[in-house]
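Here is a short briefing on a protein–DNA model. Please look over the sequence and the structure first.

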There are 2 protein chains.
Amino acid sequence: MTKYVSLLKNSGLKSTFQRIHMLENIASCGHMSIDDIYEKVVKIHPSLSLATVYKNIILMVEKGVLTEVPITGKKSKYELSKEDHIHLICIACGKVEDKPHNLHINTICTSMSKEENFVLNKQQINLYGKCITCHATPNV
Amino acid sequence: MTKYVSLLKNSGLKSTFQRIHMLENIASCGHMSIDDIYEKVVKIHPSLSLATVYKNIILMVEKGVLTEVPITGKKSKYELSKEDHIHLICIACGKVEDKPHNLHINTICTSMSKEENFVLNKQQINLYGKCITCHATPNV
DNA sequence: CTCTGTGCAAAGCGTTTGCAAACGA
DNA sequence: TCGTTTGCAAACGCTTTGCACAGAG
């Protein structure tokens, strides 16, 4: 709670009820689309406007508080910015799970960037497939 | 040329002027947005409709001829489907470059999926940063 | 000849914008 | 109090849809 107040303050954003609860929900769900966020927060703050969610997402991505996770064939999800990691994305249920970022991959990506004189900024490694649950129940 | 005729046929799609030239342009540019494609093809086929481009993109992605490359903060680009590889995406000029997919990465991703009982389907590894050209000229 | 694909125009939606009121610091 | 943020409603722009005609096989 207080965590997000200072996170916002450090990013030069005022801490409002809307922003704090957007961050809390994103933190607890891990990855959420705009609509997911709106639906969650509007429950505890019925006058919330979707436009407010959009404005804040744009602002918090700009400030580096949130990171967009673009997903093939679907709408982007958003997560709290953190160290590089790998996303396991279920193509059936849409769930996104984090896996710690293997050191070897980091090394390979870094040296690859050097070879190309590419000034590396951010890595996004997405593995698409079926989570164990969806794989077990193919007809849903 | 004939290449795309058979690629389309094998995918169960009729080979039309529009589709062949969409594929030719995507092949020669590597990665294109919907608008890029439309602008290129409309030059040699002025009556082309943007709706046709949309319809064909959807169809060809479904059939596996094309692959969508979703990019943080931008519109998706499309490429001819091919073996897994890595994208170097310039956050300044938007250029996308392919790098061969390192065997080690493949191994790591595969074993990681196994650990999680995740049935791996497709990998998308995107490295965001600045290409050497944009890095040299920061004020554009 | 038949079925698929195209082009046009309209409809649909997700996203953005402008502005007055509410709010945080 | 002052600058920022919110909520609403309208505007926007990308994408999809329906339909009649054209084209591929």
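A residue counts as near a DNA strand if one of its heavy atoms lies within 4 Å of that strand. The model is predicted. Chain A and chain B bury about 3,300 Å² between them. The points below take DNA strand C, DNA strand D, the chain contact and the strand pairing in turn.

**DNA strand C**

- DNA strand C is surrounded by 19 residues.
- The closest of these are A:Tyr54, B:Thr16, B:Arg19, B:His45 and B:Lys55.
- Sugar or phosphate supplies 74% of the strand C atoms within 4 Å of the protein, and bases supply the rest.
- B:Arg19 places a side-chain N or O atom 2.7 Å from a phosphate oxygen of DNA strand C.
- A:Ser15 also addresses the phosphates of DNA strand C: a polar side-chain atom lies 3.2 Å from a phosphate oxygen.
- A base is reached by A:Lys14, where a side-chain N or O atom is 3.5 Å from a base nitrogen of DNA strand C.
- Three helices each supply at least two residues of the surface near DNA strand C: α4 (50-62) of chain A, and α2 (17-29) and α4 (50-62) of chain B.
- By residue class, the surface near DNA strand C holds five nonpolar, eight polar and six charged residues.

**DNA strand D**

- Around DNA strand D there are 19 residues, of which A:Thr16, A:Arg19, A:His45, A:Lys55 and B:Tyr54 come nearest.
- Of the strand D atoms that come within 4 Å of the protein, 70% belong to sugar and phosphate.
- A:Arg19 has a polar side-chain atom 2.8 Å from a phosphate oxygen of DNA strand D.
- A:Thr52 has a polar side-chain atom 3.0 Å from a phosphate oxygen of DNA strand D.
- A:Gln18 contacts the backbone through its side chain: an N or O atom is 3.0 Å from a sugar or linking oxygen of DNA strand D.
- The elements giving two or more residues to the surface near DNA strand D are α2 (17-29) and α4 of chain A, with α4 of chain B.
- The surface near DNA strand D divides into five nonpolar, eight polar and six charged residues.

**Contact between chains A and B**

- Chain A brings 39 residues to the contact, and chain B brings 39 residues.
- Of the area the two chains bury, 67% is on carbon and sulfur atoms.
- On the chain A side, A:Met112, A:Phe118 and A:Tyr128 lose the most area to chain B.
- Together these three account for 18% of what the chain A side buries.
- Strand β5 (residues 119-130) of chain A pairs with strand β5 (residues 119-130) of chain B, antiparallel, over 11 bridges.
- Within this pairing, A:Tyr128 stands opposite B:Lys122 in β5(B).

**Strand pairing within the chains**

- In chain A, β5(A) also joins strand β3 (residues 85-90).
- That pair runs parallel and has five bridges.
- A:His87 has A:Asn126 in β5(A) as its bridge partner.
- In chain B, four bridges join strand β1 (residues 66-69) to strand β2 (residues 77-80), and the two run antiparallel.
- B:Leu66 is bridged to B:Leu80 in β2(B).
- In a regular strand, side chains alternate between the two faces of the sheet.
- In β1(B), B:Leu66 and B:Glu68 are on one side, with B:Thr67 and B:Val69 on the other.
- Are the faces of β1(B) covered or open? Both are covered, and all four residues are buried.

Technical notes
Residues are numbered from 1 along each chain as its sequence is written. Chains are lettered from A and ligands numbered from 1 in the order in which they are written. This is a predicted model: local features need pLDDT of at least 70, side-chain atom pairs count only at pLDDT 80 or more; totals for chains, interfaces and linings use all residues. Side-chain values use heavy atoms; hydrogens and water are left out. Buried means under 20% relative accessible area, exposed over 50%, partly exposed in between (1.4 Å probe, protein chains only). Two strands pair if DSSP finds at least two bridges between them. A polar contact is a pair of N or O atoms within 3.5 Å; within protein, one must be able to donate a hydrogen and the other to accept it, and residues adjacent in sequence count only if both atoms are side-chain atoms. Ala, Val, Leu, Ile, Met, Phe, Trp, Tyr, Cys and Pro count as nonpolar, Asp, Glu, Lys and Arg as charged, and the others, Gly among them, as polar. Contact means heavy atoms within 4.5 Å. Buried area is the accessible area (1.4 Å probe) that two parts lose on being put together, summed over both.
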